[in-house]
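Biologist: I have a model open on my screen and would love a guided close look at one part of it. Could you walk me through that part and then connect it to the rest?

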Amino acid sequence: MKDDFEILTEKYADTVTRICFVNLENRADAEDAWQNVFMKLFKSKKLWDKPDEEIRKWLVTVALNECRDIKRKLFHRNHYDIDELDVSCDEDFNKDVIHAIRTLPTKYLQVIELYYFEGYSVTEISDILSANENTVKSRLKRGRELLKGELLNEQF
């Protein structure tokens with residue numbers, strides 16, 4: 001029988017992996033962030049008994065913070081080409097869309113990712129990011145506009 005930590009890791013590994021890969025510019029940093037997130041989960045045993053949605057929300061918040069911390073390090077700035085990032089995605093999902101999402105500024109990338117890929121509501125995203133709901137709505141709207149512009153430019 002698996003212990004609670006293994007069960008939680010298996011259950012949320014894909015979500016944390018997706019967040020780390022989309023937010024960071026190379027595989028090594030994404031793997032480091034992923035490992036840091038689950039080490040923090042391992043040390044937070046009181047959290048293991050919480051409801052699934054609370055654990056998931058905590059993991060998303062910690063993953064976003066880890067990614068932000070890694071990006072802040074001076075030696076990582078403008079060092080890697082984002083096009084070299086290898087993100088696995090469903091066969092039927094357009095890779096141009098993934099590329100366009102990855103080129104968005106972080107504040108738009110995060111809300112687009114949480115809303116469309118992770119299924120969070122505007123209210124939940126505002127809690128996760130500690131931002132006003134109207135700010136989240138504005139970022140979603142602006143992010144969609146940027147994506148549309150990027151995708152239309154790629155077609156021509």
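Biologist: Let's take Lys11: does Lys11 count as buried, partly exposed or exposed, and what is its relative accessibility?

Modeller: Happy to help! Please keep in mind that this is a predicted model. Lys11 counts as partly exposed, because its relative accessibility is 45%. The side chain of Lys11 has a partner: a salt bridge joins it to Asp52, with 2.3 Å between the closest N and O atoms. This pair links distant parts of the chain, since Lys11 sits in helix H1 and Asp52 in helix H3 (residues 52–72), 41 residues apart. Asp52, for its part, has a relative accessibility of 41% and so counts as partly exposed too.

Let's stay with the charged side chains for a moment. In total, 10 salt bridges are counted in the model. Among them is the one between Lys50 and Glu54, where N and O are 4.0 Å apart. A salt bridge is counted when the nitrogen is within 4 Å of the carboxyl oxygen. Both of these residues are partly exposed: Lys50 at 36% relative accessibility, and Glu54 with a relative accessible area of 37%.

Further along in helix H3 you will find Asp69 and Arg72, whose side chains meet in a salt bridge with an N to O distance of 3.3 Å. These two are 3 residues apart in the helix, so about one helical turn separates them. Asp69 is partly exposed at 38%, whereas Arg72 is exposed, with a relative accessible area of 53%. There is also a network of salt bridges, which links Arg18, Glu53, Arg56 and Glu118.

Now for the cysteines, a natural thing to check at the bench. A disulfide is a covalent bond between the sulfur atoms of two cysteines. In this model the count of disulfides is 0. Take Cys20: the closest cysteine sulfur to its own belongs to Cys67, and at 4.2 Å it is too far for a bond. The cut-off here is 2.5 Å between the sulfur atoms. Looking from the other side, Cys67 has its closest cysteine sulfur in Cys20. Cys20 is buried, with a relative accessible area of 1%, and Cys67 also counts as buried, at 1% relative accessibility.

If you follow helix H1 (4–23) to its end, you reach the loop that leads to helix H2 (27–43), and Asn26 has its place in that loop. Asn26 counts as buried, because its relative accessibility is 9%. A polar atom of the Asn26 side chain lies 2.8 Å from the backbone nitrogen of Asp29.

For a look at the surface, turn to helix H5 (residues 106–117), where Tyr115 is placed. Tyr115 belongs to a nonpolar surface patch with Tyr116 and Phe117, and together they have about 270 Å² of accessible area. At 30% relative accessibility, Tyr115 counts as partly exposed.

Finally, let's step back to the whole chain. The protein chain has 7 helices and 0 strands, and along the sequence its pattern reads α-α-α-α-α-α-α. Of its 156 residues, 38% count as buried. Among contacts with a separation of 6 or more, 68% come from residues 24 or more positions apart. As for the outside, the chain exposes about 9700 Å², and carbon and sulfur atoms supply 49% of that area.

Terms used
Residues are numbered from 1 along each chain as its sequence is written. This is a predicted model: local features need pLDDT of at least 70, side-chain atom pairs count only at pLDDT 80 or more; totals for chains, interfaces and linings use all residues. Side-chain values use heavy atoms; hydrogens and water are left out. Buried means under 20% relative accessible area, exposed over 50%, partly exposed in between (1.4 Å probe, protein chains only). Helices (H or I, at least four residues) and strands (E, at least two) are DSSP runs, numbered from the N terminus. A polar contact is a pair of N or O atoms within 3.5 Å; within protein, one must be able to donate a hydrogen and the other to accept it, and residues adjacent in sequence count only if both atoms are side-chain atoms. Contact means heavy atoms within 4.5 Å. Accessible areas come from the Shrake-Rupley method with a 1.4 Å probe; for residues, only the protein chains shown count as cover. Patches are made of residues with over 30% relative accessible area and no salt bridge: like charges are joined within 9 Å, nonpolar side chains (Val, Leu, Ile, Met, Phe, Trp, Tyr) within 5 Å.
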